[in-house]
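Trainee: I have a structure open and would like to learn how to read it. Where should a reader begin?

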Amino acid sequence: MNYHTCTPKSQPKGRLRFLILLPIALLLSVASAQAGDGDKSRCHAFYGPFSSVVVLPPSCTSPVGLCTHGILTGEYPATYDFTALTQTTDPSDPNVVTLTGESVVTTSKGVIHTDDVSVINFATGDFVTKALVHRSNLRQAKSGGFIAAGNLDTATGQAIGNYSAILCSGDDD
């Protein structure tokens, strides 16, 4: 596996580290649970850097006014478009917001639709996103998901970070 260096401006600390590790553990447990002994599915791991920009209305049709367009490079080159559907502010820290939404990941071979949960600290720009495959027209991406951690420059709307993905083929492939 290739390891690329693309580090956010500030490193996640404390609670954000926990928020990064928890979704990774959950993603790994989902992938391993779906790949049992009698299962013919095959899972593959991918890693790389990403970048994104905030998309503003009217192009953004999010009910909470937040969309992004991004590029995955590295081992799973693709573009993606995220639309936030809900937004919840942490009552103990108004800078921390949880977003739920959907992404469309487009590769040269097809499209993956994901259901996403993101936690972002708007004071630091640090964020982590878990995106689980909802549906796909790609044989090798019938289940699994992506984890992304990065930093958003709130002044420019640009974000950079790294992603990891585990994508599994269906048992009939």
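The turns below go from confidence to strands and then to single residues.

Mentor: Begin with the origin of the coordinates: this is a predicted model. Confidence therefore comes before any detail, since pLDDT is the predictor's confidence in each residue. The chain averages a pLDDT of 82, and 73% of the residues score at least 70.

Trainee: Which elements have the lowest and the highest mean pLDDT?

Mentor: Helix 1, residues 14–34, has the lowest mean at 49, while strand 2, residues 67–72, has the highest at 98. Over residues 1–15 the pLDDT is below 50, although the model gives this stretch 33 contacts beyond near neighbours in sequence. Residues 29–37 also stay under 50, with nine contacts beyond four places in sequence.

Trainee: Next, the strands. Is strand 8 largely enclosed or open?

Mentor: A count of buried residues helps here. In strand 8, residues 158–168, eight of the 11 residues are buried, so the strand is largely enclosed by the rest of the structure.

Trainee: Which strands are joined to strand 8 by bridges?

Mentor: Strand 1, residues 43–55, runs antiparallel to strand 8 and is joined to it by 11 bridges. Strand 7, residues 143–153, is also antiparallel to strand 8, again with 11 bridges. Y163 shows both pairings: it is the bridge partner of G48 and also of A148.

Trainee: What is found in the hairpin of strand 7 and strand 8?

Mentor: Four residues lie between the two strands, and G157 takes a positive phi near 80°.

Trainee: Now a single charged residue. What surrounds D116?

Mentor: For a charged side chain, check burial, then look for partners. D116 lies in strand 5, residues 111–121. D116 is buried yet has no salt bridge; K130, the nearest side chain of opposite charge, is 9.5 Å away. The side chain of D116 does make polar contacts, one of 2.4 Å with the side chain of S103 and one of 2.6 Å with that of T114. Beyond four places in sequence, the residues that D116 touches include F82, L99, T129 and A131.

Trainee: How exposed is R135?

Mentor: R135 is in strand 6, residues 126–136. Its relative accessible area is 47%, so R135 counts as partly exposed. Setting aside residues up to four places away in sequence, R135 touches V111, I112 and H113.

Trainee: How far apart are R135 and T114 in sequence and in space?

Mentor: They are 21 residues apart in sequence and 7.0 Å apart in space, C-alpha to C-alpha. T114 is also the residue whose side chain has the 2.6 Å polar contact with D116.

Note on methods. Residues numbered from 1 in each chain as written. Heavy atoms only, no water. pLDDT = per-residue confidence, 0-100. Contact = heavy atoms within 4.5 Å. Buried < 20%, exposed > 50% of the residue type's maximum accessible area, 1.4 Å probe, protein only. Lys, Arg positive; Asp, Glu negative; His and termini not counted. Salt bridge = Lys/Arg side-chain N within 4 Å of Asp/Glu carboxyl O. Polar contact = N/O pair within 3.5 Å; in protein donor to acceptor, adjacent residues only side chain to side chain. Pairing = 2+ DSSP bridges.
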